[in-house]
Amino acid sequence: MAISLLRELPELKVVVVHPPDEEGDALVSHLRRVGCMVSVVWPVPVNLVSNADVLFLLIEGEARYAIEALLRSLPKPEPTVIAILNYEDPTTLQLVLESGAFAVVQKPIKPFGLLANLIAARSIWMERQALVKENRKLRRKITSDQAMSRAKTILMASKGISEVEAYQAIRAQAMSKRLSMEQIASSIINMETLLQAAN
């Protein structure tokens with residue numbers, strides 16, 4: 001994965017939210033040197049104009065409301081957030097946690113370790129996205145299995161048939177109507193709900 005992440009660098013769209021000072025310029029030039037496409041924004045914007053892959057965000061307690069507004073506006077999935085810290089205090093650290101940062105860069109910003117932080121943050125971000133996707137898939141499967149089980153139970157009770165026969169009936173309906181078995185199961189459940197409401 002590390003090799004593919006290194007190959008990804010020239011395609012990475014990086015937004016740096018940092019004042020255009022000496023340190024900000026050094027950060028931007030180093031990111032450009034490793035091949036990233038970098039744009040700089042300051043002051044903290046209400047939202048990001050471009051679709052960023054990575055967001056280097058200066059975290060300061062005084063800018064709390066602006067930072068919170070920016071974080072709320074981020075598209076889903078959010079970019080990989082890397083926090084830039086001037087100093088550590090409870091307010092700043094709370095903001096770092098709220099930002100969902102995958103890495104932290106301490107000021108004064110030094111080129112050494114920056115690439116390692118970027119690669120590590122992207123790696124963790126990609127793993128999280130894979131887990132989120134897998135979680136969604138499992139939730140859909142559980143919901144589908146529950147609907148199928150409920151539909152079979154309804155058919156078994158109303159028609160006096162076995163579980164295997166109920167399954168085959170749902171399958172036959174799905175094939176004849178060119179619908180998924182989940183859709184047929186949902187329609188059986190909906191029909192039963194309507195009948196119960198009518199009684």
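Two residues are taken to be in contact when heavy atoms of each lie within 4.5 Å. The description below concerns a predicted model.

The chain contains 7 helices and 5 strands. Along the sequence, these elements follow the order α-β-α-β-β-α-β-α-β-α-α-α. The chain has a radius of gyration of 26 Å, whereas a compact globule of 199 residues would have a value near 16 Å. Along the principal axes, the C-alpha atoms fill a box of roughly 80 × 40 × 25 Å. Of the contacts with a separation of 6 or more, 61% join residues that are 24 or more positions apart.

Buried residues account for 37% of the 199 residues. The area exposed by the chain is about 12,300 Å², of which carbon and sulfur atoms supply 58%. Among the side chains, 23 are positive and 21 are negative, and the centres of these two sets are 11 Å apart.

Helix α3 comprises residues 64-73, and its buried residues are R64, I67, E68, L70 and L71. These residues lie on the same side of α3, because the arc that they cover around the axis is only 160°. Y65 and R72, on the other side of α3, are exposed. The cover over the buried residues of α3 includes strand β1 (13-17), strand β3 (54-59) and helix α4 (90-99).

One of the buried residues in α3, L70, is also in contact with L48. L48 is placed in the loop between β2 (37-41) and β3. The relative accessibility of L48 is 15%, and a residue is buried under 20%, so L48 counts as buried. Apart from neighbours within four places in sequence, the contacts of L48 are V15, L55, L70, S73 and L74. The C-alpha atoms of L48 and P75 are 8.9 Å apart, although the two residues are separated by 27 residues in sequence.

The loop between β2 and β3 also holds P43. The peptide bond leading from W42 to P43 is cis, with omega near 0°. A further cis peptide bond, with omega of about 0°, joins K107 and P108. P108 belongs to the loop between β5 (103-106) and α5 (114-159). Most peptide bonds are trans, and most residues other than glycine have a negative phi. With respect to phi, R178 is notable as a residue other than glycine with a positive value, near 55°. R178 is situated in the loop between α6 (163-177) and α7 (181-198). The relative accessible area of R178 is 78%, and therefore R178 is exposed.

Three further residues, each within a helix, were examined individually. G24 is part of helix α2, which spans residues 22-33. With a relative accessibility of 3%, G24 counts as buried. When residues up to four places away in sequence are not counted, G24 touches H18 and P19. G24 and L55 are 31 residues apart in sequence, and their C-alpha atoms are 13 Å apart in space. L55 is also one of the contacts of L48.

L93 is located in helix α4, an element that contributes to the cover over the buried residues of α3. L93 itself counts as partly exposed, at 37% relative accessibility. Its contacts, with neighbours within four places in sequence left aside, are L85 and E88. A distance of 9.9 Å separates the C-alpha atoms of L93 and A83, which are 10 residues apart along the chain.

W125 is found in helix α5. At 15% relative accessibility, W125 counts as buried. Beyond residues up to four places away in sequence, W125 touches P77, E78, P79, T80 and F102. One of these contacts, P77, is 48 residues from W125 along the chain, and the C-alpha atoms of the two residues are separated by 9.9 Å.

Conventions. Residues numbered from 1 in each chain as written. Predicted model: local features only at pLDDT ≥ 70, side-chain atom pairs only at ≥ 80, totals over all residues. Heavy atoms only, no water. Helix = DSSP H or I, 4+ residues; strand = E, 2+ residues; numbered from the N terminus. Rg over C-alpha atoms; globule rule 2.2 N^0.38 Å. Buried < 20%, exposed > 50% of the residue type's maximum accessible area, 1.4 Å probe, protein only. Areas by Shrake-Rupley, 256 points an atom, 1.4 Å probe, with all protein chains shown as cover. Lys, Arg positive; Asp, Glu negative; His and termini not counted. Charge placed at Lys NZ, Arg CZ, Asp CG, Glu CD. Arc of directions from axis to C-beta.
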